[in-house]
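Work through these short exercises with the structure in view. Try each task before reading its solution.

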Amino acid sequence: MKSPLDILSASILIVDDQASNVSLLEQLLSEAGYTSVASTMNPQEVCALHRKNQYDLILLDLQMPGMDGFQVMAALKTNDADGYLPVIVLTAQPGHKLRALQAGARDFISKPFDLVEVKTRIHNMLEVRRLYQRLENYSKILEQKVQERTAELRESEARYRSLTELACDWYWEQDETGSFTKVSGPVLEMLGIKVDAFGSQTGNNETAGWNAAEQEILQGKIAARQPFLDFIFSRANADGSNQKFQISGEPMFNQTSRFIGYRGTGVELTAKK
């Protein structure tokens, strides 16, 4: 991860077709203590140079033959990896300043150069660049922490399910509509019904024999979004045998406190005869 920018060691590229302007800016930056300054008088080289060196700041003349500063900025936008265009434009035309800012430039320096203004604007621009990098690094760290925490929660959830499956006959989850989304354990064989009918009041052959009063109590708890512990319900089978089951469940809510279903465990108390 890139460390925050040290302003005087920032990498700076000067782009101007006038050798005198390049020489003046190089001398100014050197005297101010900047240690990593490069230059080119060919605007068509800028994109390749920036792609290779990832400059912290580009001082870009707007009026150059072959490829003007606006075209250079447009090309830079297509290959700037971090989405931040670190450009200060150099211009003698006041009318070009607004257009340059709209094209993506961060600031401008007027020609002929005022040396105090040049040093101030460059320093301020690099300070903003440093703050931007700190924010970018913080966002990456935060994203990494979220990913790590998500992985921990998933691992914890997996351990929870594993332990509950060991401690009970089956583990189950329902969504907010009451449909089963996860069932583990021999529930089909134990209940002898489809899991979609668990706790149902449909009255078909699969749910026949369930104690209606117990079902009503269970449905009431679920409708009220209440947890239930060791709730016992029973069923009389067609062959004259009776079964008793014990279940525990709790409502689940997402991060916005919206109800998303139930999860719980179950055991059979009385085996079929």
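A patch is built from residues with over 30% relative accessible area and no salt bridge, with like charges joined within 9 Å and nonpolar side chains (Val, Leu, Ile, Met, Phe, Trp, Tyr) within 5 Å. Accessible areas follow the Shrake-Rupley method with a 1.4 Å probe, and for residues only the protein chains shown count as cover. A salt bridge puts a side-chain nitrogen of Lys or Arg within 4 Å of a carboxyl oxygen of Asp or Glu.

The model is predicted: local features need pLDDT of at least 70, side-chain atom pairs count only at pLDDT 80 or more, and totals for chains, interfaces and linings use all residues. Residues are numbered from 1 along each chain as its sequence is written, and side-chain values use heavy atoms, leaving out hydrogens and water.

**Exercise 1.** Find the residues of the nonpolar surface patch, then place Val-146.

Step 1: Leu-135, Tyr-138, Leu-142 and Val-146 make the patch, about 410 Å².
Step 2: Val-146 sits in helix α5 (residues 115-167); helices are DSSP runs of H or I, at least four residues, and strands are runs of E, at least two, numbered from the N terminus.
Step 3: Val-146 counts as partly exposed because its relative accessibility is 47%, between buried (under 20%) and exposed (over 50%).

**Exercise 2.** Work out the strand order of the open sheet.

Step 1: Strands pair if DSSP finds at least two bridges between them.
Step 2: The 5 strands run β2-β1-β3-β4-β5, with parallel pairing.
Step 3: β2 (36-40) and β5 (107-110) are the edges, each pairing on one side only.
Step 4: Strand β4 (residues 87-91) joins β5 through 4 bridges. In β5, Ile-109 is the bridge partner of Leu-90.

Key
Buried < 20%, exposed > 50% of the residue type's maximum accessible area, 1.4 Å probe, protein only.
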